[in-house]
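Work through the exercises below with the sequence and the model open. Try each task before reading its solution.

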Amino acid sequence: CSSGGGNRAMLATLGFFLGAQDIGLFDASLYSAGVSGSTWTIAPWSYLYATQKMSLVDFKDQLINKLNTSILPP
């Protein structure tokens, strides 16, 4: 279960998922729940995993790339 808090919750949830995966806990989990910002990790990664088998590490790399890209013109 993950809490809200915008970008902080999104990144904390991703960190929790990656840590849980590293120790083998993630594979033993059936459900995840979140509110607000944590769903910014849960929903897109769940979709990408279901449709493209995207790993958490690949999702993290894609997220970092998106966060480093400004929407404002140079």
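The exercises go from the overall fold to single residues, and the model is a predicted one.

**Exercise 1. Describe the chain as a whole: its elements, its extent and its buried share.**

Step 1. Count the elements. The chain has three helices and zero strands. From the N terminus, the order is α-α-α.

Step 2. Take the extent. The C-alpha trace spans about 45 × 25 × 20 Å along its principal axes.

Step 3. Look at burial. Of the 74 residues in the chain, 27% are buried.

Step 4. Look at contacts. Take those with a separation of 6 or more: residues 24 or more positions apart account for 68% of them.

**Exercise 2. Check the length of α2 and find which way its residues face.**

Step 1. Helix α2 covers residues 39-52, which is 14 residues. At 1.5 Å a residue, the expected span is 20 Å. The end C-alpha atoms lie 19 Å apart, which agrees.

Step 2. List the buried residues of α2: Thr41, Ile42, Trp45 and Leu48. Seen down the axis, the buried residues of α2 fall within an arc of 150 degrees, so they line one face of the helix.

Step 3. Recall the geometry. An α-helix has 3.6 residues a turn, so residues three or four places apart point the same way.

Step 4. Turn to the other side. The face of α2 away from its buried side carries Tyr47 and Ala50, both exposed.

Step 5. Ask what covers the buried residues of α2. The cover includes α1 (7-22) and α3 (56-67).

Step 6. Go past the end. Lys53 follows α2 and has a positive phi, near 55 degrees.

**Exercise 3. Repeat the analysis for α3.**

Step 1. The 12 residues of α3 should span 16 Å at 1.5 Å a residue. The end C-alpha atoms are 16 Å apart, which agrees.

Step 2. Leu56, Phe59 and Leu63 are the buried residues of α3. They fall within an arc of 55 degrees seen down the axis, so they line one face of the helix.

Step 3. The cover over the buried residues of α3 includes α1 and α2.

**Exercise 4. Identify the largest nonpolar core and the elements that build it.**

Step 1. The largest nonpolar core has 13 residues. Those with the most contacts inside it are Leu14, Phe17, Phe26, Trp45, Leu56 and Phe59.

Step 2. Assign the core to elements. α1, α2 and α3 each give two or more residues. α1 gives the most, with five residues.

Step 3. Follow one member. Leaving aside neighbours within four places in sequence, Phe26 is in contact with Phe17, Ala20, Gln21, Trp45 and Leu56.

**Exercise 5. Sort out the aromatic rings.**

Step 1. The whole structure holds five aromatic pairs. In one of them, the ring centres of Phe17 and Phe26 are 5.0 Å apart and the planes meet at 55 degrees, so the pair is tilted.

Step 2. Check burial of both partners. Phe17 has a relative accessible area of 5%, so Phe17 is buried. Phe26 is buried too, at 18%.

Step 3. Link the pairs. They join Phe16, Phe17, Phe26, Trp45 and Tyr49 into a cluster.

Step 4. Add a charge. Lys53 lies over the face of Tyr49, 4.9 Å from the ring centre.

**Exercise 6. Is Ser2 buried or exposed, and what is Ser2 in contact with?**

Step 1. Ser2 sits in the segment before α1.

Step 2. Its relative accessibility is 12%, so Ser2 counts as buried.

Step 3. Beyond neighbours within four places in sequence, Ser2 is in contact with Thr13, Ala33, Gly34, Val35, Ser38 and Ile42.

Conventions. Residues are numbered from 1 along each chain as its sequence is written. This is a predicted model: local features need pLDDT of at least 70, side-chain atom pairs count only at pLDDT 80 or more; totals for chains, interfaces and linings use all residues. Side-chain values use heavy atoms; hydrogens and water are left out. Helices (H or I, at least four residues) and strands (E, at least two) are DSSP runs, numbered from the N terminus. The expected span of a helix is 1.5 Å times one less than its number of residues. Buried means under 20% relative accessible area, exposed over 50%, partly exposed in between (1.4 Å probe, protein chains only). The arc is that of the directions from the helix axis to the C-beta atoms. Contact means heavy atoms within 4.5 Å. Rings of Phe, Tyr and Trp (its six-membered ring) pair if their centres lie within 6.5 Å; planes under 30 degrees apart count as stacked, over 60 as edge-to-face and the rest as tilted. A charge sits over a ring if NZ of Lys or CZ of Arg is within 6 Å of the ring centre and within 35 degrees of the ring normal. A nonpolar core is a set of buried Ala, Val, Leu, Ile, Met, Phe, Trp, Tyr and Cys residues joined through side-chain atoms within 4.5 Å.
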